[in-house]
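User: Please take a close look at one enclosed space in this model and walk me through whatever surrounds it. Feel free to wander into the neighbourhood if that helps.

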Amino acid sequence: MQQPSCPPPPSRPAAAAALLVLADGRFPAGGHAHSGGAEAAVRAGRITGPDSLEDFCRGRLHTAGLVAAALAAAACAGLDPVELDAAADVRTPSPALRATARRLGRQLMRAARAVWPAPELAALAAARPRGAHQPVVLGAAARAAGLTPHDAALAAGYETVSGPATAVVRLLGLDPFRATAVLARLGGELDEVAGRAVAAAGRAATGGTGELPAASAPLLEITAEAHAAWPTRLFAS
Amino acid sequence: MTGAAAPAAVPAGLSASARVAAGPGGTLPVLAGDGPLALRRTRAAGPYAQVTLVGAMSAPLGGDRLRLAAEARPGAALRITSAAAMVALPGRGGGAARFDTELTVRQGGELRWLPEPLISARGSELVTHARIDLAADARLVFREEQVLGRSGEEGGRLTSRITVRWAGRTVLDQELSTGPGAPGWDGGAVLGGHRAVGQLLVVDPAAYGEGGRPAEPRPLGGTAALLPLAGAPAVLVTALAPDALALRRLLDTVTP
């Protein structure tokens with residue numbers, strides 16, 4: 001999935017295992033402190049068990065997940081990460097979600113620069129010292145690790161559903177086996193979303209960031225603002 | 001088309017377009033539209049030239065291609081309303097209908113876009129895209145309301161995108177897909193059982209730009225929020241409600 005108009009990645013080691021490192025929930029990038037909107041959905045009674053968790057994750061995957069996957073794929077393919085960061089802003093009307101995305105991006109950047117040092121990562125960190133949007137950093141990190149845009153899209157998409165599923169185990173006391181089964185059932189759709197994300201990133205390489213998907217999820221945007229103002233909460237978002 | 005001997009003759013749906021341009025002093029140098037996009041000049045209070053979409057037939061049907069372009073020229077104030085809700089209906093086999101809107105506000109101009117809701121009827125398939133292009137000092141009030149299904153009815157498939165450029169750069173790009181075939185649309189991340197969804201976009205450099213007061217984000221009840229956009233003197237209200245009436249009441253509380 002080479003983009004002819006983009007520079008080649010700085011190095012291409014045999015890197016499949018790097019995807020496991022990057023997508024590992026224990027990768028020290030702070031993601032465990034975030035529920036991806038699941039905490040607000042549990043409080044509102046919109047997630048009460050495995051079925052409603054699956055509906056929630058499916059909606060998130062095909063909206064915020066698709067957008068994140070496309071941004072990550074585009075960054076991994078070598079599109080200008082500062083332009084992609086602006087494209088993420090215009091697709092994120094909620095200030096609370098923008099702040100979360102930048103905080104997570106900053107934390108991921110710290111970890112990624114230690115694990116896969118690369119001049120391109122340093123340049124992005126310098127251009128966005130308070131953090132670029134997390135999916136853009138994820139794509140840039142995948143590029144530094146020698147991964148493909150499809151790998152980056154899969155990792156970004158997976159994270160949009162694994163976060164809520166893990167959080168709901170704590171929030172509802174849901175059986176972790178059943179939460180993980182939800183993730184497994186969404187596997188085919190994750191593959192499909194990653195494929196669409198890579199295709200969109202390819203179009204953006206020639207047509208600009210307007211070609212990237214802009215799928216939105218109203219409840220995620222709406223509830224993020226109220227959640228950010230809760231005096232006590234288990235998760236940061 | 002009643003002939004049984006014409007299996008290949010699937011009607012492609014109609015194409016209709018309308019154009020309106022407002023000049024300073026309440027003038028309307030351009031006002032053209034017909035069929036489902038018939039336009040009439042109507043009375044308005046204040047400095048506005050007002051145009052009402054009177055929708056002479058029910059549309060859009062599957063396969064239809066509708067296009068509406070409205071422009072507030074430099075210094076002009078234009079208000080656009082509609083006489084009734086627009087109902088997306090199933091077509092005769094022409095696939096999805098499309099409704100494209102291009103709204104342009106030039107220097108010192110103002111546009112108030114306040115149509116009645118779009119209702120997505122069962123079995124319909126409609127794709128809408130509103131492209132809004134604003135000069136740096138332009139003012140805009142843009143309301144979009146969607147109702148999924150008529151009373152007691154499931155909705156159709158509806159995909160709507162809004163892309164806003166302000167002072168030459170994109171400041172908002174949002175797409176919402178709902179109804180049969182849109183994965184996860186009714187779950188707790190997207191609509192969560194609500195059947196009316198709306199957005200109100202207010203762009204006002206005097207209020208939110210330099211010299212004004214930047215807006216603070218705030219929840220509006222449990223199912224709506226006021227969201228200041230990044231890098232533009234603009235706020236977006238996104239709202240969900242059980243029905244069209246409740247949605248309108250909610251959006252009216254924040255419409256300037």
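Analyst: Let's go for the second largest cavity: 15 residues line it, and those nearest its centre are Ser216(A), Ser160(B), Leu176(B), Val197(B) and Gln199(B). (A cavity is a set of points on a 1 Å grid over the protein atoms alone where a 1.4 Å probe fits but cannot get out; lining residues have an atom within 4 Å of a point.) Keep in mind that this is a predicted model, so to speak with filters: local features need pLDDT of at least 70, side-chain atom pairs count only at pLDDT 80 or more, and totals for chains, interfaces and linings use all residues. Residues are numbered from 1 along each chain as its sequence is written, chains are lettered from A and ligands numbered from 1 in the order written, and side-chain values use heavy atoms, without hydrogens or water.

The volume of this second largest cavity is about 150 Å³, taken as the space filled by probe spheres set on the points. Its lining draws at least two residues each from helix H11 (218-228) of chain A and from S12, S13, S14 and strand S15 (196-203) of chain B. (Helices, H or I of at least four residues, and strands, E of at least two, are DSSP runs numbered from the N terminus.) By class, the lining holds five nonpolar, seven polar and three charged residues; Gly is among the polar ones, and charged covers Asp, Glu, Lys and Arg.

Two of those lining strands lead into a sheet. S13 (residues 157-166) and S14 of chain B run antiparallel, joined by nine bridges, and one of the matched pairs is Trp166(B) with Arg169(B) in S14(B). Both strands belong to an open, mixed sheet of seven strands in chain B, ordered S2-S1-S5-S8-S11-S13-S14, where strands pair if DSSP finds at least two bridges between them. S14 (169-178) is an edge strand, as is S2 (27-33), each pairing on one side only.

S12 takes us next door. The structure has three cavities of 30 Å³ or more, and S12(B) gives the most to the lining of the largest, with five residues. That largest cavity holds about 290 Å³ of space. Strands S6 (77-82), S8 (97-105), S11 (125-134) and S12 (139-148) of chain B each give two or more residues to its lining. Of its 21 lining residues, Phe99(B), Trp113(B), Pro115(B), Leu118(B) and Glu144(B) lie nearest the centre. The class split for the largest cavity is 11 nonpolar, six polar and four charged.

Key
1 Å grid on protein atoms, 1.4 Å probe; cavity = no way out; pocket = protein on both sides within 12 Å on 5 of 7 lines; lining within 4 Å.
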